[in-house]
Amino acid sequence: MSFVLSSTDTYPLPVSISTPDLDRPGRFRRQSFDAVFRRLPRSRLAELGEVLSSTPATADSADATVRSLVEEVLVGWRGILDDNGEDVPFSAQLLDELLERHDVIQGILDAFAESVRGEKARKGN
């Protein structure tokens with residue numbers, strides 16, 4: 001397959017979230033949606049790596065750093081539904097609500113980190 005140099009600054013990627021199963025106490029179930037991430041230049045990724053590794057291990061500073069990172073890279077989503085099965089459109093307000101859930105933040109960070117490391121690193125090669 002040929003490499004296509006795209007001018008698109010975003011890319012979709014599945015995000016997997018482990019949530020408590022309300023029907024089976026003590027168990028978890030996997031849910032997913034497609035995140036739309038902003039493609040960042042290597043220089044910015046390096047800066048983010050430095051910021052994340054040097055952030056003090058206090059809950060407030062870590063939370064602020066993680067929120068800032070997600071707000072910078074997550075620009076949309078597909079496949080998030082409301083209780084009626086209707087699509088929930090991306091908005092800053094709804095993103096803020098989602099970022100209150102630790103399981104969602106972890107899923108977003110994991111997916112973004114995989115996209116930065118690449119498929120080879122993900123497979124352990």
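## A tour of the charged side chains

Start by selecting Asp87, which sits in the loop between strand 3 (74–78) and helix 3 (92–98). Keep in mind as you go that this is a predicted model. With the residue in view, is Asp87 buried or exposed? Its relative accessibility is 58%, so Asp87 counts as exposed. Now add Asp82, Asp83 and Glu86 to the selection: together with Asp87 they form a negative surface patch.

**Next stop: Asp21**

Move to another loop, the one between strand 1 (10–20) and strand 2 (28–38), and pick out Asp21. This aspartate has a relative accessibility of 13%. Because the cut-off for buried is under 20%, Asp21 counts as buried. What does the side chain of Asp21 reach? Show the backbone of Asp23 as well, and you will find its nitrogen at 2.9 Å from the Asp21 side chain.

**On to the salt bridges**

Side chains of opposite charge can pair when their charged atoms come close. Searching the whole structure turns up 6 salt bridges, and the tour visits some of them.

Select Arg44 and Glu47 to see a salt bridge between their side chains, with an N to O distance of 2.9 Å. Both residues belong to helix 1 (residues 42–54), and because they are 3 residues apart there, about one helical turn separates them. Glu47 counts as partly exposed at 40% relative accessibility, and Arg44 is also partly exposed, at 25%.

Keep Arg44 selected and add Glu72. These two side chains meet in a salt bridge as well, at 2.7 Å from N to O. Arg44 lies in helix 1 while Glu72 lies in helix 2 (residues 59–73), so this pair ties together parts that are 28 residues apart in sequence.

**Last stop: Arg101 and Asp103**

Finally, select Arg101 and Asp103, whose side chains form a salt bridge of 2.7 Å, N to O. How exposed is each partner? Arg101 is partly exposed, with a relative accessible area of 39%, whereas Asp103 is buried, with 12%.

Before you close the viewer, bring Arg44, Glu47 and Glu72 back together on screen: salt bridges that share partners join these three residues into one network.

Methods
Residues numbered from 1 in each chain as written. Predicted model: local features only at pLDDT ≥ 70, side-chain atom pairs only at ≥ 80, totals over all residues. Heavy atoms only, no water. Patch = residues over 30% accessible without salt bridge, like charges linked within 9 Å, V, L, I, M, F, W, Y side chains within 5 Å. Areas by Shrake-Rupley, 256 points an atom, 1.4 Å probe, with all protein chains shown as cover. Salt bridge = Lys/Arg side-chain N within 4 Å of Asp/Glu carboxyl O. Lys, Arg positive; Asp, Glu negative; His and termini not counted. Charge placed at Lys NZ, Arg CZ, Asp CG, Glu CD. Helix = DSSP H or I, 4+ residues; strand = E, 2+ residues; numbered from the N terminus. Buried < 20%, exposed > 50% of the residue type's maximum accessible area, 1.4 Å probe, protein only. Polar contact = N/O pair within 3.5 Å; in protein donor to acceptor, adjacent residues only side chain to side chain.
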